[in-house]
Amino acid sequence: MARLQSNFNFISSYCEPTFNVEKYQSSKTGMKLYHIKLPLPLIKLEICVQTKPYDDTGCAHTLEHLIFMGSRQYPQQGYLDYISAQYYSLGTNATTYRDMTTYELTTVNHQSLLKLLPIYLDHILNPLLTNDCYLTEVHHISGETGDDAGVVYSEIQSSENQPDEILLYSVLRDLWSDKSPYYYESGGRLEAIRNELTLDKIKLFHQKYYVPNNLAIILCGGGIQIDEILGVLSKFEDENCSQLENRHRISLDYSLNENLRKKMKFNNDKFPFIKIKRASLDENSLSSEKNADSNPIDTTKLSVHLTTTGTTTDGNDSSFCDSELMVSHEDLSAPSSPTTLWSTIEVDTSINHRHMNEYKEIFYPVEDNDENLGQVAFGYRLESIYEMEIYTALDVLLTTLFDEDISIFYKEFMEIPNTLCSSIDHDWFNYPERVLVVVFEGVEVDNLTMVADKYSSVLYSIIDCQRDNDQLYTQLRRNIKKKIDLHLNEIENEPYGFLIDLCCLDHVSELSVPKTNNENDDEQQLHKFLQNKKYLESLFEQPIAYWHELIKKYLLEWPSTKRTVILLKPNSDLLIEQQEQDEQRISERFVSLGSDGLQRLKTELEQARLNNKQSTSQCATISHPLLSFDNQLHLPPIEYDTNGKHLDLFHSPNSHFLKYTLHIPIKQLASDLQLYLPLFTNLLFHTAIRYDNVQLDKYHFCELISRDILDYSVSNGQSSSSPIQSSYIHGHYLDIFIVSLQSLNNFEMCKNTMDYFRYALFGSVFDDYKIILEECEKQLKNFIEVLQDGQTVHQAYFNSLIHSTNTESYYHQMNMFLQKNLLEKICKHPNKYQNEIISKLKQIQKFIWKNLSQIHLTVCGNVELIKDNRQIIEQFIKECHAKSQVDIESSANKDTKGKHIQTVSPAAIIGSPHEESGYVIRWTRLAISQADFIPLMIFCNYLDMENGPLWTACRTNGYAYGVAFDFDFESNVILLSINQCSQLNLAYSSAMEALKNIVEHKIKLDPERILAARNLTICMFTEHLATLGRVTGVCIRSYLNKYSIEKYQDLLHDINLYNYNETVFLELIEKYLQPLIDNTRSSTLVLVNTNKMKETQAYLQNEHDIKTVTAIKDVVKAICR
Ligand SMILES: [Zn+2]
């Protein structure tokens, strides 16, 4: 096999009918290459570097940002993005995880890949890492305000206060000691970025980790010639030989010198906003807790003491293995396979009803109000990553216990009066020892301890056989089968992400976990990760006792050093404290720097910006050969067949599944009913059924759906977006009710699926008010949590403004502010509204029946099999038509239209206490002509592509993390969006100035870059169609959208033929850009921290001459008034 003229040796391969993976390694540098062969049109490249932080400065993350800002061979800043767009690639992207950083590239052909790979590698291995880039892209102190800023700084500002981030950080910090990388935040924490991070630290970090033997290249997709790739890589290695070897040596010498950690390190309990106290239960309270539910633990008995993290022996860091793992190697070498686990069960007749008896309280900052909710998290650091049997079994178990609304935990925590939480999730983190986190969200603060106690008491009740074990066993076996199907479905629909992630995992695990003596390990580890099905199938054999033992060993009695329970509580004092500290810090800084110091910072930053822009402008001067795009995309094969009006069939011969999607137009639903439509939508498939002679209670109906249906969804309008719609506009076609079911492709399933449509549409019963109330409580808690996120509030309010001008719009009644208000009303006075709600739901149901005459069904998948049985489907459609004969009182259509939001003021500012970062959307409405569609799309991509005019204005200057220019063809909106900015005023001014300069022809259009934007657009469209799952999405939407699957092909063709024409672009600017910069024709919506509202208002009025600026402190009240 190893017959190639290259430095690379073949290591192993893995084959399946639909894909195959080959692994190579360079004998010269140790660099790895994974080649995933897939018969799909797109090529994805991912370069995975193991990066392990040793503090909270975010070296890994900041380095990720700086990698793109010039390399030894290509010092021009932004050249990589510039050339990749030219070569039909999407802009590069990268992600920093806790222990690795991945660099991505997506392209449409092999030739592009050959050209781009060595350029990318030069950036990764030989970056310039200049101080100019550090100042703008990472962190600087503003000479104007003394405030902290920079792209990475803004990015972290937007997430550091988020409860989810705080929770995960706290869990991991509890599971690992400070000797381990998992203890730290790889993204960086604000305080550490401000005080400890330096460019030299980042350079050292690069020297340690960015070495070839720590790096893997993963290629996935069709048309890759592996010999040519290996040739390119070998050439790169040879050319960079001395440099790379030298680096390798440095890396080996390098050990974690304490000096590097800088002694300013935080002490343990000082990380921002989090007060740690370890609460442990009083011994006495543990004695008799058979009935923990009825007798929640008295929180006043909690005693508080601090514990120190465990000590670890000296780490030998000369290799990439974790010192901690070295220590625990003995544990790893004695893995528990399912059989040994089963056979070693000791018969324990007196299971000790012990709770996980130490809870740790963590606080997150909130505004002072009464609707704050907390969370409870259980964190476990489990077996080695290679223990696939245990992982697979636990995953099935947890899905069964938590995920479905017929699960034991759903019943115990949510199917009760005053629901205890809004959701229960479990998440896996693929670290060398796999981490499991179980989170209860939306828990009232007074219930946190009770939820934590109840978690273990419910688990004990299962292994004590106090529950119906047959039911659990049936559910477990059903979920094993379902996971096998879901795995098949994932490989079929979205193989790129899944397979690339596994290769990254293989690479990093191999470096992290000490090798065992087994010679064949190398070859088998990757296989282990890929053989999901084998592990699942073996679980069918396991008796109920096996599952009980899993619960006991891993969830209840796992060693206390490797697990934690966190209660996350809201705390308003923290927010005030934090704001005071920020103000104090800045004012102290002002004094200590003095006007000279500030002036010096200002000059330094201005010079840096100038240098950066100068460097960027050089990109076009490098000559490069042109590549052409082969327009013959090998899209997943789909054949189209239609049955006239009501039925579209999209046939893909390779699929194992069928997806049925019903569209029911429900135009002219009275607006008082529209308000209840989301509740109706959420209840469908969650109610009892009465249809003909079928009678099912909620449990049995859900059980059937879980058994036969792989995936289902009910929605108002279309939820996923496409390149022809703007992702900033939420919800298109909201007046269409959509129900979608996916099942395995066979005759019996087809029959059952049609029955489930019948049951849900014709037979849903809304008389059980208990179920309705539970749903309301759950949804309300969701809204409360979601509305704490500034970006969500900003976008939701923007959409309310957009849609409120249209009285027909469904969005208005269904927007989350009105919905939250409604649910609050219901939950406060449930009895008062009972009759009204049930009546509204029934009216909606009847209205849908009435409209069944216009039903449309799209079936995607291997329809060959059902072709002979088409009458099953046609029979159903016939029944729908018959059902539409129902009478509805047309007088019910009294139009009680909701009050519309006033749009008189051209600008509004929303204040959010939780959001440190700022967000802007500026938009205008105008008719977008079909003829302008292609050039406008290219123009948009030109404006906001990496290092394009807007990017330069906002990001290169270090003002904001993101900027976008977008249009929505269907709602006729043109918009500018700036997100995550620490210096909103500067970002906004700078972006507006860039747009003005374009309108006034002060900035010349750059034909080269426009060509690059065209090629990028081609790749964007190809990506939209690159997998069977995505093509299926387009097929389903082709009933709604103008662009069917064939038209996309034409569109792609037209874009490829599009040649830049200056006159056309000048017209575009006049038509679409000019109105956006005109204050009388456009509107602005800003979200900032509540403290910054005043200054932002003054800024908009003075600098932009916007006469009326409305300040909104409480969005929900403003809309619901
Ligand atoms: Zn970032």
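User: Which protein atoms are the donors of the zinc ion, and how far from it do they lie?

Analyst: In this predicted model, the zinc ion has the protein donors His61 (NE2), His65 (NE2) and Glu155, the last contributing two OE entries, and they lie 2.1 to 2.5 Å from the ion. Along the sequence, the spacing of the donor residues reads H-x3-H-x89-E.

User: Where do His61 and His65 sit with respect to the helices?

Analyst: Both belong to helix α1, which covers residues 59-66. Because His61 and His65 are four residues apart in that helix, about one helical turn separates them.

User: Are these two histidines buried or exposed?

Analyst: A residue counts as buried when its relative accessible area is under 20%. His61 has a value of 5% and is therefore buried. His65, also at 5% relative accessibility, is likewise buried.

User: What arrangement do the four donor atoms make around the zinc ion?

Analyst: To be called tetrahedral, four donors need all their angles between 85 and 135 degrees. Here the angles subtended by the donor atoms run from 56 to 149°, so the arrangement is irregular.

User: What is a disulfide, and how many does the structure have?

Analyst: A disulfide is a covalent bond that links the sulfur atoms of two cysteines. The search of the whole structure finds zero disulfides. Two cysteines may be examined for their accessibility: Cys750 is buried, at a relative accessible area of 1%, and Cys1019 is buried at 0%.

User: How many helices and strands does the protein chain contain, and what share of its residues is buried?

Analyst: The chain has 42 helices and 31 strands. Of its 1121 residues, 63% are buried. Among contacts with a separation of 6 or more, 83% involve residues 24 or more positions apart in the chain.

User: How should I read the order of strands in the sheet of six?

Analyst: The order lists the strands as they stand side by side. This open sheet runs β17-β18-β25-β19-β23-β22, and its pairing is mixed. The strands at the edges are β17 (639-642) and β22 (711-718); each has a single partner strand, so one side of each lacks a neighbour in the sheet. On average, neighbouring strands of this sheet are turned by 15° against each other, direction ignored.

User: How many bridges join β22 to β23, and in which direction do they run?

Analyst: Seven bridges join β22 to β23 (residues 732-744), and the two strands run antiparallel. One example is Ser713, whose bridge partner in β23 is Ser740.

User: Which helices pack on or lie across this sheet?

Analyst: Helix α33 (residues 870-883) lies across β17, β18, β19 and β25, and runs at about 150° to β18. Helix α38 (residues 1028-1037) packs on the sheet and touches β18, β19, β22 and β25, with its direction at about 160° to that of β25.

User: What is the order of the sheet of three strands, and which strands stand at its edges?

Analyst: This open sheet has the order β21-β20-β24, with antiparallel pairing. At its edges stand β21 (694-696) and β24 (764-765); each has a single partner strand, so one side of each is left without a neighbour in the sheet. Strand β20 (residues 688-691) is joined to β21 by three bridges, and Ile689 has Leu696 in β21 as its bridge partner. Helix α26 (residues 747-763) packs on this sheet, touching β20, β21 and β24, and its direction makes about 95° with that of β20.

Terms used
Residues numbered from 1 in each chain as written. Predicted model: local features only at pLDDT ≥ 70, side-chain atom pairs only at ≥ 80, totals over all residues. Heavy atoms only, no water. Disulfide = S-S within 2.5 Å. Buried < 20%, exposed > 50% of the residue type's maximum accessible area, 1.4 Å probe, protein only. Pairing = 2+ DSSP bridges. Axes fitted to C-alpha atoms, helices over the stretch in contact; angles between N-to-C directions. Contact = heavy atoms within 4.5 Å. Donors = N, O, S within 2.8 Å, 3.2 Å for Na, K, Ca; no water. Tetrahedral: all angles 85-135°; square planar, octahedral: opposite > 155°, others 65-115°.
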